[in-house]
Structure formats: C-alpha cells, structure tokens
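Got your viewer open and a selection box ready? Let's walk through this one stop at a time.

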Amino acid sequence: MFRDGDLHLRPLVPLAEWEGELNAPEGGAEAWVVPAWVEEEFYQLNNLRFQIERLFAGVWGVRVDEEALARAADAARELVRGSYLVAERAEAFVAVLPRSGAFRLRRPEGGAEEEAEGPLEALWALKRVWAARWSLDEVIRRGAGGWPEPAPVVVIAKR
C-alpha cells in the first residue's frame, strides 16, 4: 500500500497543517485541503488542456456559437470526470479520510459544492468539483481562452 512518506507529496493535508489562508469550517468539524498542485498534475497527466482546447476550437469568434459552446462545455466536464487520478494519489487520498462518514467538498472561493458518503465517494466528488469549472456558466464567465487556475479544494467531515 502507498505510504505518504514515499513521495513526500500529500494530496490531502489536514486543515490544521495547511499553510495557506482558509477559514475553519463551522462547528470545528474535521477538515482537509486538496492542494492546487493535485488538480494541476491531474490535468497534465491526462493531457486535458490539449483535449479541452480542441473541444472549444472554433466556438469563440465574432459571433459565439452557443450550441457548440454548450456541447463543448458538456464534453469538457465529461473529460474531467472520466479521466484518471494517479493511483498513488487516489490511494493516499482515501487512506487519510475516516473509513466511514460523510463529507462535503468545496472550493474556498465558492462555486461547486459536492456531498459524499465515504472516502471513495469523496474522491469521485473531488473530480465533480473539478469538472464543475467547465459548466456552461463558468465557461461563459471566463470568456474566450479563459482557463481556470488550479485551486485548492476543502474536504469537510459532516457530523
């Protein structure tokens, strides 16, 4: 089994050890942070930037093809959800979380929020949070050529 010390990179850091500025969850619930580098690595190893840029090729122009934009956004979300996280990262992520219990995943700046029952479902919820950045509303908000910056995701144990 994967041990955190093997790579010295933790895909899930307890909030108490997080060096960035994040607010503690309400009620003192246990929380962890998925660092932005995990999302960046996920995109790089799955060649997602190239694939997603191809989906949006020709969509933006003098006149935006709204139907093509909606299709590209849907396809981008499915690409993210269907891509693989490195096995060592997935194992380390699941190993850190309590074996039973429910979790809420969200980005600190707001946006998508997902619920999960158990650590494996939390891993799938993480990909849904990443995929939400490709919703039609998010794509329109960023505009042509707008690429989302990798950002941390907070995982909060629900009581």
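Buried here means under 20% relative accessible area, exposed means over 50%, and partly exposed is what lies in between. Keep in mind as you click around that this is a predicted model.

**Stop one: a salt bridge between β4 and α5**

Select Glu114 and Arg128. They form a salt bridge whose closest N and O atoms are 2.8 Å apart. The pair links distant parts of the chain, with Glu114 in strand β4 (residues 113-117), Arg128 in helix α5, and their positions 14 residues apart in sequence. Colour the two by accessibility and you'll find that both Glu114 and Arg128 are buried.

**Stop two: along α5**

Now extend the selection to the whole of α5, residues 119-131. How far does α5 reach from its first C-alpha to its last? The span is 19 Å for 13 residues, close to the 18 Å expected at 1.5 Å a residue. This helix is mostly covered, with 10 of its 13 residues buried. Among the buried ones are Pro119, Leu123, Leu126, Val129 and Trp130, and Lys127 is on that list too.

**Stop three: the aromatic cluster**

Leave Trp130 highlighted and turn on the aromatic side chains. The structure holds 6 aromatic pairs. Start with Phe42 and Trp130: the ring centres are 4.8 Å apart and the planes sit at 35°, so this pair is tilted. It's a long-range link, from Phe42 in helix α1 (residues 36-45) to Trp130 in helix α5, 88 residues apart. Phe42 and Trp130 are both buried.

Next, pick Phe56 and Trp134. Their ring centres are 5.8 Å apart with the planes at 35°, so they make a tilted pair as well. Phe56 belongs to helix α2 (residues 48-56) while Trp134 is in the loop between α5 and α6 (136-142), so the pair ties together parts that are 78 residues apart in sequence. Phe56 is buried, and Trp134 is too.

Which residues do the ring pairs link into a cluster? Select Phe42, Tyr43, Phe56, Trp130, Trp134 and Trp147 to show it.

**Stop four: arginines over the rings**

Stay with the cluster and add two arginines. The charged end of Arg49 sits over the ring of Trp147, 4.4 Å from the ring centre. Over at Trp134, the charged end of Arg142 sits above the ring, 4.6 Å from its centre.

Zoom in on Arg142, which lies in helix α6. Is Arg142 buried or exposed? Its relative accessibility is 18%, so Arg142 counts as buried. Ask the viewer for its contacts, skipping neighbours within four places in sequence, and you should get Arg133, Trp134, Trp147 and Pro148.

**Stop five: more salt bridges**

Arg133 takes us back to charged pairs, and the count of salt bridges comes to 12. Select Glu39 with Arg133: this salt bridge has its closest N and O atoms 3.3 Å apart. Glu39 is in helix α1 and Arg133 in the loop between α5 and α6, so the pair ties together parts that are 94 residues apart in sequence. Glu39 and Arg133 are both buried.

For a local pair, go to helix α3 (residues 66-82) and pick Arg77 and Asp74, which are 3 residues apart, about one turn of the helix. An α-helix has 3.6 residues a turn, so residues three or four places apart point the same way. The salt bridge between Arg77 and Asp74 has its closest N and O atoms 2.6 Å apart. How accessible is Arg77? It comes out at 25% relative accessibility, so Arg77 counts as partly exposed. Asp74 is partly exposed too, with a relative accessible area of 39%.

**Last stop: β5 and its partners**

Switch to the cartoon and select strand β5 (residues 153-158), which is mostly covered, with 5 of its 6 residues buried. Strand β2 (residues 31-34) runs antiparallel to β5, and 4 bridges join them. To see a matched position, pick Ala31, which stands opposite Ile156 in β5. Strand β3 (residues 102-106) also pairs with β5 in the antiparallel sense, over 5 bridges. Here the residue to click is Arg106, whose bridge partner in β5 is Val154.

How values were computed
Residues are numbered from 1 along each chain as its sequence is written. This is a predicted model: local features need pLDDT of at least 70, side-chain atom pairs count only at pLDDT 80 or more; totals for chains, interfaces and linings use all residues. Side-chain values use heavy atoms; hydrogens and water are left out. Buried means under 20% relative accessible area, exposed over 50%, partly exposed in between (1.4 Å probe, protein chains only). Helices (H or I, at least four residues) and strands (E, at least two) are DSSP runs, numbered from the N terminus. Two strands pair if DSSP finds at least two bridges between them. Rings of Phe, Tyr and Trp (its six-membered ring) pair if their centres lie within 6.5 Å; planes under 30 degrees apart count as stacked, over 60 as edge-to-face and the rest as tilted. A charge sits over a ring if NZ of Lys or CZ of Arg is within 6 Å of the ring centre and within 35 degrees of the ring normal. Contact means heavy atoms within 4.5 Å. A salt bridge is a side-chain nitrogen of Lys or Arg within 4 Å of a carboxyl oxygen of Asp or Glu. The expected span of a helix is 1.5 Å times one less than its number of residues.
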